[in-house]
Amino acid sequence: MSSKNLTDQFLDLICSIRYENIPNRVKSKMRECLVDTIGVALAGAADLQKKENALLQLLDDGSSVVSPIGFRKKTSIANAILINGLSSHFLELDDGVRYGVIHPSAPLFSALLPIAIVKNVSWEQFVLGVICGDETSIRIASAMQPSHYSRGYHPTATCCTLGVAVGIAVMLGYSRREIKDSFGAASISAYGTLKVLEDVSELKPYNCSKAALMGYYAAMMGKAGFTSPEDPLSGDTGFMKMMCDRFDKERLIGRWDTLAIEKIYQKPYASCRHTHPEIEAAIAIRWEDGFDSSKVDTIKVTTYKGVIGKHDGNIIYGESSARMSIPYSLAVALVTGKAGIDEFTDKYIQDPHIQHLTKMVVVEGNEELSKLVPDQRVAIVHVEQTDGRSFVKRVDYPKGEPENPLNREELYSKFSSMTTYSGLSDEEAKELFRLIMEDVIVDINSINHG
């Protein structure tokens, strides 16, 4: 038994990671996460600018330090982090981890990239910061599930705050004490609830931004010498007790079969990951012989109980609501055979036929399928037609999961579609992809396109 408190045991594990000991496959995975996040953020930034969001007035704060991803104008580090967080989560295309129900890359890269650019951080230190940041947020989120999510917390908002703080501290070469102080400052300021998923709310990307920004401020506090509690994870007012009913200590500080970053999935569809098994099932059904969306009589989804009350809504209030909805995502995929950015815009949301199918979908939580979570998040889609035809499709691992990963060609196809949406040329997209994915030391400034 270790005499060290829980926080020190956890941080010892994180701080034991060394760049020279990181396997090449993990470095490759990190590049995949980076290129995916950059592509998504570029597309998200383009969408933010199209909407002429008043928040973008932040760019006119008089600072001229660094540009957010997808913007030419420079602003402060804090404002760049905030806008990066919005852009990278705005279109619901950023990566995640099913074990933690968390989106780790969007807040982490949103914070680390502008800091790395300003501080001229080496590629090795940048990679190490990312790996340690992911290890922090993913382990903590995974250890607290399903209780954390069931309580109504948004793990991307809560756990990623800690991951961002540690990622920055490690990337910038903080001392062990400074890393702990940064971690402690993050633990007392991390917050965010799933209320952002309800009805007309468009605040889900704000939770991502806030995690990135609060992690940055926590790292500043750690460097400034503000001492944290000795064990911020433990006790009646500690992070773990406050955030969940119970946690799995083995998931928190035990030996895993891989570094946490390898558990990340990439999204091929522009909606919440909870909708992806249904989308994939719907697309498969869409192309089956005899299927006709005009003859659909009933649509039933059998899946895990965790989505009930959060992602089973049949009433769609707008784009954000559509991206969170299993019924809408399934309906639009049945009609179009796709679920990209365009399929979650008003053109399709207002389509009478898609609205009719959306209202038809019944989502049922199943006890046996719920027991498979988080190892599998299964959906079974059953469609009956008025002509008596029946279509059933089960999806265990939707495309992008580590068990069913995007290959390099598929990853580039997604990246290219994102950069095209953002206005980059094919040549710029290919060069940007090459710089990030090649096994060379990349000048981080070179990916700050816009």
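**Group meeting talk: a patch, some rings and a few backbone oddities**

Hi everyone, let's start on the surface: Val200, Ile315 and Tyr317 make a nonpolar patch of about 340 Å². Please keep in mind that this is a predicted model. Within that patch, look at Tyr317, which sits in the loop between strand E1 (296-303) and helix H13 (319-324). Its relative accessible area is 49%, so Tyr317 counts as partly exposed, given that exposed means over 50%.

Now to the backbone. As a reminder, most residues other than glycine have a negative phi, and most peptide bonds are trans. With that in mind, where are the cis bonds I'd like to show you? One joins Gln145 and Pro146, with omega about 5°. Pro146 lies in the loop between helix H5 (123-144) and helix H6 (147-150). Another cis bond runs from Val373 to Pro374, and here omega is near 10°. For Pro374, the setting is the loop between helix H17 (367-371) and strand E3 (379-385).

Next, positive phi values. Val101, which is not a glycine, has a phi near 50°; you can find Val101 in the loop linking helix H3 (77-90) and helix H4 (105-119). Asn120 is not a glycine either, and its phi is positive at about 55°. Follow the chain to the loop between H4 and H5 and you'll find Asn120 there. Is Asn120 buried or exposed? It is exposed, because its relative accessible area is 63%, and the cut-off for exposed is over 50%.

On to the aromatics, my favourite part. The model has 10 aromatic pairs. Take Tyr412 and Phe415: their ring centres are 6.4 Å apart and their planes lie at 40°, so this pair is tilted. The two are three residues apart in helix H18 (residues 408-422), which means that about one helical turn separates Tyr412 from Phe415. How do the partners fare for exposure, buried or partly exposed? Tyr412 is partly exposed, with a relative accessible area of 21%, whereas Phe415 is buried at 3%. The cut-off matters here, because buried means under 20%.

Elsewhere, Phe109, Trp123 and Phe126 form one aromatic cluster.

Finally, charges over rings. The charged end of Lys263 sits over the ring of Tyr99, 5.3 Å from the ring centre. Likewise, Arg323 places its charged end over the ring of Phe90, at 6.0 Å from the centre.

That's my tour, thanks for listening!

Methods
Residues are numbered from 1 along each chain as its sequence is written. This is a predicted model: local features need pLDDT of at least 70, side-chain atom pairs count only at pLDDT 80 or more; totals for chains, interfaces and linings use all residues. Side-chain values use heavy atoms; hydrogens and water are left out. Patches are made of residues with over 30% relative accessible area and no salt bridge: like charges are joined within 9 Å, nonpolar side chains (Val, Leu, Ile, Met, Phe, Trp, Tyr) within 5 Å. Accessible areas come from the Shrake-Rupley method with a 1.4 Å probe; for residues, only the protein chains shown count as cover. A salt bridge is a side-chain nitrogen of Lys or Arg within 4 Å of a carboxyl oxygen of Asp or Glu. Helices (H or I, at least four residues) and strands (E, at least two) are DSSP runs, numbered from the N terminus. Buried means under 20% relative accessible area, exposed over 50%, partly exposed in between (1.4 Å probe, protein chains only). Rings of Phe, Tyr and Trp (its six-membered ring) pair if their centres lie within 6.5 Å; planes under 30 degrees apart count as stacked, over 60 as edge-to-face and the rest as tilted. A charge sits over a ring if NZ of Lys or CZ of Arg is within 6 Å of the ring centre and within 35 degrees of the ring normal.
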